[in-house]
Amino acid sequence: MHAAQRRDGEETIDALRRDVALANRILERMGLAHAFGHASARIPGTNTFLIPTRRSPGLAEAESLLVIDTEGRLVSGEGEPNSEFWIHARIYAARAEAGGVVHAHPPSCVCLTQIGEPHRVVHNQGGIFADGVPEYSRVGLIRTRELGDLLAQVVGKGNSALMRGHGITTVFPDVRAATVAACYLEESATLQLRMLAAAGGDAARIRAFTREEAEGLRDQITGNVAKRAWEYFAAAALENPLGSGH
């Protein structure tokens, strides 16, 4: 019985490693990150998480992921972690229910922060951000425990944050949802910028969804909808991995 449980546990971790590696490759393939950016997943029932070594997310490999704890200690694995691993460590420390964290640098989201425009829900997939997307306004990288705690405070009990001139962070119960949400957030920001341009820069002309309208679209990150989105993004990443000439 104990041997069977151990095998089941190992299979679960192996599957999680594959998801984390694929999530990172999705970030690169979908244009949310290039040389920099990272996705992680909590190892269930622990204060540790899986995260790639310090290289492009497009090069993430399941077998080379590191295990780090919420205090920033390297538990296992070989290699150097990304310098912003504190984003993941301190969000997992603050949010016991968090199972996946993504940090990326999608250009449209960065543009929103630098023109002072808050994120608005302008399409169906954006409904998952009905509670709003707060801004972490401090400029620079999150390379210390203290800055990781500050970002975690900005995210609060929400699922995301824009980071001024830097990028985004998403937080969900699993790494697949966190990755899909990151893609949705960039798609949403891109549409918002196009609408703003079409409206001659007049943000008041954008017909953003009301809170009530957005509330009805929270299911865009759950069930079959999320499964379908992950399937698409995963297929795109696997078909055109970094170095394949895409």
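The exercises below, each with a worked solution, concern one region of a predicted model.

**Exercise 1.** Determine which residues of helix α4 (residues 145-155) are buried and which are exposed, and how the buried ones are arranged around the helix axis.

*Solution.* Begin with the threshold, since a residue counts as buried under 20% relative accessible area and as exposed over 50%. By this criterion L147, G148, L151, A152 and V155 of α4 are buried. Looking down the axis of α4, one finds these buried residues within an arc of 145°, so they line one face of the helix. This fits the general rule that an α-helix has 3.6 residues a turn, so residues three or four places apart point the same way. On the other side of α4, E146 and Q153 are exposed. As a last step, ask what covers the buried residues: the cover includes α2 (85-94), β6, β7 and β8.

**Exercise 2.** Describe how strand β7 (residues 160-163) is connected to β6 and to β8, and state whether its two faces are covered or open.

*Solution.* Take strand β6 (residues 135-136) to start with, which pairs with β7 in the parallel sense over two bridges, Y136 having M163 as its bridge partner in β7. Together with α4, these two strands make a right-handed β-α-β unit. Next, turn to strand β8 (residues 167-172), which runs antiparallel to β7 and is joined to it by four bridges; here M163 has G167 as its bridge partner. The two strands form a hairpin with three residues between them, and G165 in the turn has a positive phi of about 60°. Finally, consider the faces of β7: S160 and L162 on one side, and A161 and M163 on the other, are all buried, and both faces are therefore covered.

Technical notes. Residues numbered from 1 in each chain as written. Predicted model: local features only at pLDDT ≥ 70, side-chain atom pairs only at ≥ 80, totals over all residues. Heavy atoms only, no water. Buried < 20%, exposed > 50% of the residue type's maximum accessible area, 1.4 Å probe, protein only. Pairing = 2+ DSSP bridges. Right-handed = clockwise from strand over helix to strand, strands pointing away. Arc of directions from axis to C-beta. Contact = heavy atoms within 4.5 Å.
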